Every structure is written in C-alpha cells, then in structure tokens.
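Here are some comments for a colleague who is going through this entry, set out as numbered points. Please read them beside the sequence and the coordinates.

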Amino acid sequence: MESIASVIVIIITLLALLGLGVWIGFALLGTGIVAMLLFTDLPFGDAMATTIYSHSATWSLSSLPLFIWMGEILFRSNLSQNLFSGLSPWLRRLPGGLLHINVMGCATFACLSGSSVATLATVGKMSVPELRKHGYPDSLALGSLAGAGTVGLLIPPSITLIVYGVTVEESIGRLFAAGVLPGLMLSALFSSYIVCWGLFTAQGRSMREVRASLKEKFDGLLKLLPVVLMIASVVGSILSGVASPVEAAAVGVLGALALSLFQGHLSVESLIQSLNGTVLVTSMIMLLIAGSSFLSLSMAYTGLPGELAHWIGAMNLSPITLIAALTLFFLFLGMFLDGFSMILLTMAVLEPVVRTAGIDMIWFGVFIVLVSEMALITPPIGFNIFLVDSISGAGVGKVARAAFPMFLLMLLAVVLLVLFPGVALWLPEIMMGRSS
Amino acid sequence: MAGAEVWFLKTSFAELVVALGDMFHSILHFTETMLNATYRLCGYLASLCIVTILLVVVINIYDRLTGGYTPGTNEIASYCVGAAGALGLAFAFGEGKHLKMTLLVSRTTGSVRKMIDLSCLLIGIGLSGFVTYFLAKMVYVSAVLEDRSTGMDEALLWIPQAPMAFGFFVLSLSMIHALATQLSGSQQ
C-alpha cells in the first residue's frame, strides 16, 4: 500500500515537472531524485554523478556527433539541388510524377543523415518550390514530404536508434541493419500511395510529366554519383560488417567535407556553423541522456519496473495484445513528447517489461522508432508538421490534414512489422551469421 | 546659508547615486559580456572535442588498414563525446535547444506565464546545481585517489571527468543568468 502511494507521488512529480515546462532532461532527473528519496535512505548523489558520467562518456555514443555533423555539412552543401535534378529524369514518368522525389529524396538523404529534421529540411527546401511551380496540389506535395521525412529516423544512420541502442545496451550495428527494410517498406508504402493518386484520380492522371531523354537520365546519374558513393561507403560498410558505425560515421564526415570542398561550398565559416549545429544537437541529447540514465538507476533501486513486469506478466497478455497496448500508449505520449524524450523516458521503466515478455529488443527498437515517427506528423506537437509549415507557409492545420493519409500508412507499417517481424530481424540475422 | 549647504549635499549625494549606478551598470554589463563569452567559448571547446573524435577514429581506421595499433583511441573518443555534450549545454540552453513540453505552458499568458517560467528556471537551477555539486565531488575524489581508467590509456580519471562537471557548472550559471535577466526585465 505504501508503495502504491509512492508510485502515485512519483507519477505526479513527473507530470507536474513536464507540464510546467521544465526542460525534459531535468524533469526526468527530478523524478529520479523524488523516487530515490521515497524508496531508499541511502545517499545517492555520488551514484548519480557516476551514472551520468559513465552514460555520456561512452564509446558507443561517439558515432552520434559524427553522424549529426555529416548531416549538418550536407545540409549546407547543394546536395538537395543535385538530388532533385538527378532523381527527376528517373522518377517523373511514374504515375504521380515529381511527387516521388519527396519520397525517394528523403529515403536517399536518410542514408546520409541521422535525423528526420535534417532530411526533411534538405529535401523540402528544394522540392516544395519546384512541385508548386509544376502545379502539384499542396495536399499531396506537403503531405508526402511530411510523411517521407520520417524515414530519416529508421533508415541508418539514425540518431534515434543510436540513443535507443545506448539506453538498452544493444548493438548499434544490428539496430541499423534492422532499420533498413522497415524504412524501405515505409517508403514503398508512400510511393504506392502516390502512384494510386496518379492512376485513379482525374487530377493525378492529368499531371503526367514528359519522358526524359537518355542524355538527361545519364546527366542525372552523374549528379547522383557522389551521393550513391557516400551511401555505399557509409551504409554499405556498416551492413557488410566492414566498418563499425563509428568508423562509417568518420568516413561519412570526410566524404561530406570532400563533397562540399569539391562543390566550392566549404569555407571556414560554413565549417564553424556546421560544428555549432552539431554541438547544439549533441548537447540537447546529452541533457536527456543524463536525466534518463539517472531515472533508470533510481527505478532500478525502487524495483518498480520489475514489479510492473511481473504484474503485466501475470495478466498473461499475448505479445500482440501487449504490443497493441504499447502502440496506443506511445501514440498518446507522442501527443506531448518528442521521440527522443519518449524513448528515453519509457525505456527507463519499460525495458524489464519488454524483456520479460520475451520481445526481441532489436525488433522493439524498430517498433518504438516507427511509432514515435508517427507522432512527428500528428498534431499537436508534430515536429515535421511545423517544419513543413515553415518551409511552405501553408499553415499548420493544412499540413496536418495533408499528412493524415501518411499517418494511416504508417499505422499499416506498424501492423506489417508486427505480423512479419522478419522485416526488421532478417538483415541483422544474416549480418550476425556472417561475422560469427 | 544652511539651505545652500543642504542643497550642495543633496547634489553630491544624487551624483554619487548616479555614479554608483553607472558603475554598477557597467559591472553588470561587463559580467554579462563575460558570461556570454564563456558560453560561446565552451561551445567552441565542444566543437574541438567533436573534431578530436573524428581525428581519433580516422587514426583507428588507418591503423586497421595498415595493421598498426595506437592504444587508447577508443577511450579518447569516449571522453570527447562526454566533454562535447557537457560543454555545449549552456550554449544549447541559450539557443533554446533543450527540449521541453510547451503544450500546456503555451496556453498561459501574462503574469501566470511569468510565474511558470520563473519556477521552471528555479527548479532547473536547483537540479543543475545538485548535479554540478556531485559531479565536482566525483572529480575531486578521483583526483585525490588518483583513480585511473581501466582501459588501455590508463588516464587519470579526473581529467575526462572535469569537463563534465564544468559543463554542468556553466549550464547552472547560464540558468542563473537567465533568471536574473528575467527578474530585472519584469521590474522595468
């Protein structure tokens, strides 16, 4: 009984701190302190300092700033322009025309950047004006952009998967491999939607683009060549097991630097700007990691996650029911929290529950990232909606409505991921099979 | 005569107040400039750490291709991630990059909003100070005991721990700075 009262106090503390608008890292930290005070008489300050230090200064995190930096450099190059003009001759003849550039562009850039924000901003700054110039309806141009931008979190390198992997101590290489097929599947769903629009609506049928000449296609290929080379060296080296994620990240940064040097975009000023951008994102994540690592520690002291796991285990839920309940729970949380905060907050409590239920932690990483992506395109706090609104100036409500079909497609992707777990687990398995 | 003397005294007193006020103001201004420079400097140091990670990993790759071996590279990269993240905290705070939930707060206005912002800052300062104190204690204990890393580098542990503590210290400073700015802003 006493512990139930304590649990209520802990939950109220967390909600009050979050609701008041305290920085989320500190809200997690404060909740951890309250839990410690309620459940133990031991001094915990020293353990807190050691935990924060050992969770931040760790080898597995070192790929994080490098992948962020790579995206920051490429965002400042004219890669997006090349991506657009390179992809256009190859894709525009498909039903749905240039809209496919949103999806393919995002999927391609996602291989070079770890964040959905960088992916969306890079592709959108070029594609939105072009699509409007060609007369594509905003509902599709903006909706497909907001949706396709989310694959940046799933397709490696993914900052979110790195943070998840460090939190639950799973191999980042395997998580990256697990994200590939679900990311491609999601892109394929978006593309099919655009093809359907192109085939089955009057407006879509009227918007057929002219066929590209062979020369145009060849020129396009040349423009895409540096991108393809970089993807091959970064993602390819991780998947083939030639390089660790950190090494691949370093190669990626060098490649990005070489590319912008070659294009004449590299200056001391742009270099400093890209580093500043990297520091901002790295520190933002670091404060969250500091808070969540201490919350995890304090939860372990209280023994609550273990009890919760036991309690849920006693209910004899089938894994499908548990996953369905978790999906609803995460969708609800996604209305208030961004993906990083959501994953770091919930994993502090839910990790034992998931492990006890016998769910594969690699699969669960892909699942939680996919569900947190859905929060990106739903109001009230969907980052991608705000971003597309700021690129296009169309208004938040209009973008949110345009993105709604994409939300349904992502829901379909979650169902497919649950029905066919192999979508996520097949690649890591062959990867491991080879290296062992 | 007496009236004139009082008048004279009054003037000098008033002048004194103004002069003191000026001095106070310039001290404030100086402090503020110094603080802002500190945040930026820490941000640049964080950038330097990230460049170091890149160099260290490139050395790693080179070693692997040539069959060489440089001990301690993994440890240096780990230290640098921690240091980069911590040293950039205040810079990120100033740029408003640290995530928070604004869904409820954004619906309040006026004095309610001001009170909420102030209490967030106070809570943040308290928690950040708490963390800073124990991180600093950790650094102190490591330095006194001459703790060494268990890795290949055998580095003295207080060296990589210190930037962590300093980063949170500067973050606390920047939050106090923000609190002071907000309080003086609400008086005007």
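1. Which side chains meet in a salt bridge at 3.1 Å, N to O? In this model, which is predicted, the partners are K137(B) and D46(A). The count of salt bridges between chain B and chain A is two, and the pair just named is one that can be inspected directly at the stated N to O distance of 3.1 Å.

2. The contact that surrounds this pair draws on 58 residues from chain B and on 58 residues from chain A. Between them the two chains bury about 4800 Å², and 81% of that area lies on carbon and sulfur atoms. On the side of chain B, I50(B), L99(B) and M101(B) supply 15% of the area that this chain buries against chain A, which is more than any other three residues supply.

3. Helix α4 of chain B, which covers residues 110–145, deserves a separate look. Its 36 residues reach 52 Å from the first C-alpha to the last, close to the 52 Å expected at 1.5 Å a residue. Just after α4(B), E146(B) takes a positive phi of about 55°.

4. The second largest pocket holds about 1000 Å³ of space. Its lining is made up of 35 residues, and the closest to the centre of the pocket are I11(A), L14(A), L308(A), F329(A) and V349(A). By class, the lining divides into 30 nonpolar residues, four polar and one charged.

5. Several helices of chain A share in that lining: α1 (2–20), α14 (268–302), α15 (304–314), α16 (319–333) and α17 (339–356) each supply at least two residues to the second largest pocket. Of the elements that take part, α1(A) gives the most, with nine residues.

6. Enclosed space should be read separately from the pocket. The count comes to four cavities of 30 Å³ or more, and the largest cavity holds about 50 Å³ of space. The residues that line the largest cavity are I73(A), R76(A), S77(A), S260(A), H265(A), L266(A), S270(A), L271(A) and S274(A), and by class they comprise three nonpolar, five polar and one charged.

7. As for the elements around the largest cavity, α4 (63–76) and α14 of chain A each supply at least two residues of its lining, and the largest share, three residues, comes from α14(A). Helix α14 of chain A also supplies at least two residues to the lining of the second largest pocket, and a reader may therefore wish to view both sites together.

Methods. Residues numbered from 1 in each chain as written. Chains lettered and ligands numbered in written order. Predicted model: local features only at pLDDT ≥ 70, side-chain atom pairs only at ≥ 80, totals over all residues. Heavy atoms only, no water. 1 Å grid on protein atoms, 1.4 Å probe; cavity = no way out; pocket = protein on both sides within 12 Å on 5 of 7 lines; lining within 4 Å. Points joined across faces, edges and corners; volume = space filled by probe spheres on them. Helix = DSSP H or I, 4+ residues; strand = E, 2+ residues; numbered from the N terminus. Nonpolar A, V, L, I, M, F, W, Y, C, P; charged D, E, K, R; others polar. Expected span 1.5 Å × (residues − 1). Contact = heavy atoms within 4.5 Å. Buried area = accessible area lost by both parts, 1.4 Å probe. Salt bridge = Lys/Arg side-chain N within 4 Å of Asp/Glu carboxyl O.
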